[in-house]
Amino acid sequence: VLDRAFTIELSDVDFLKYEITGGKDKSHLSDGQKQTLIDAFTRFDVSTGTRQFAQIRKDEIAEIIEQEPDIRTYLHSLNKLLQNHRFHFGYRIFDEIAQYLYNNRRNGMMDFIPAFDHAVFMKVLPKFSGSRARLRAPLLSLLAWTLYPANPEPALKSVQQSFTTLDLADVTAITDFTCDASFKVVATRAMQMLVTLENDGFVSFG
């Protein structure tokens with residue numbers, strides 16, 4: 001299920017502002033407002049004249065790959081690293097990340113780098129769960145990739161050595177370790193998971 005869904009993390013919680021509602025539907029939305037919501041979650045298909053929910057479209061994937069060839073480069077280098085630890089992914093994940101990036105550009109949401117960062121965070125990281133023996137190496141590989149996404153392998157050993165000497169009680173040092181990452185969302189979570197892994201011996205994305 002995880003590799004078919006985008007996992008959206010909702011971590012900002014404030015119970016003092018939590019509005020609890022229940023019972024009958026008290027929505028006061030007009031028909032026009034309801035239609036606006038439907039339109040926001042669907043898109044108009046010119047060929048059929050109907051609105052459709054999100055789907056994988058190979059022509060759109062091909063278009064975004066042509067416009068942003070780094071998608072192929074970055075995902076290939078990441079998958080090559082993760083394959084060494086059996087954490088690699090398949091064509092469906094590639095397509096879903098590319099489709100996300102196409103939709104992102106089409107709707108003017110984010111620049112390419114932060115959009116790519118969030119897509120990998122949502123589609124790749126949820127499968128990371130396990131013990132230190134299972135996760136330490138692939139998480140360090142992931143961390144190296146966030147720092148050098150086009151060609152992470154030459155830097156992998158130095159990243160591993162630098163992490164080994166890192167003071168895990170030094171919050172500033174931990175933050176500085178990922179400050180130059182190209183993909184900061186992924187890098188930050190990878191580092192958080194590594195610290196938890198070293199302290200507890202087990203970690204999961206959730």
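1. Let's start with what a pair is: two rings of Phe, Tyr or Trp count as an aromatic pair if their centres lie within 6.5 Å. In this predicted model, the rule gives eight aromatic pairs.

2. A good one to find is Tyr-74 with Phe-116, an edge-to-face pair with 5.7 Å from centre to centre and 85 degrees between the planes. Follow the chain and you will see that the two residues are 42 apart: Tyr-74 sits in helix H3 (residues 70–83), while Phe-116 belongs to helix H5 (residues 112–123). The pair therefore links distant parts of the chain.

3. Are these two residues buried or exposed? Tyr-74 counts as buried because its relative accessibility, 12%, falls under the 20% cut-off. Phe-116 is buried too, with a relative accessible area of 0%.

4. Next, look at Phe-121 and Phe-205. Their ring centres are 5.3 Å apart and their planes meet at 65 degrees; that angle is over 60, so the pair is edge-to-face. Phe-121 lies in helix H5 and Phe-205 in the segment after strand S4 (202–204), so this pair ties together parts 84 residues apart in sequence. Both Phe-121 and Phe-205 are buried.

5. Phe-205 has another neighbour to look for. Which residue lies over the face of the Phe-205 ring? That is Arg-189, at 5.1 Å from the ring centre.

6. Finally, go back to Tyr-74 and Phe-116. Together with Phe-112, Trp-145 and Phe-183, they form one aromatic cluster. Try selecting these five residues in the viewer.

How values were computed:
Residues numbered from 1 in each chain as written. Predicted model: local features only at pLDDT ≥ 70, side-chain atom pairs only at ≥ 80, totals over all residues. Heavy atoms only, no water. Phe/Tyr/Trp six-rings, centres within 6.5 Å; stacked < 30°, edge-to-face > 60°. Helix = DSSP H or I, 4+ residues; strand = E, 2+ residues; numbered from the N terminus. Buried < 20%, exposed > 50% of the residue type's maximum accessible area, 1.4 Å probe, protein only. Lys NZ or Arg CZ within 6 Å of the ring centre and 35° of its normal.
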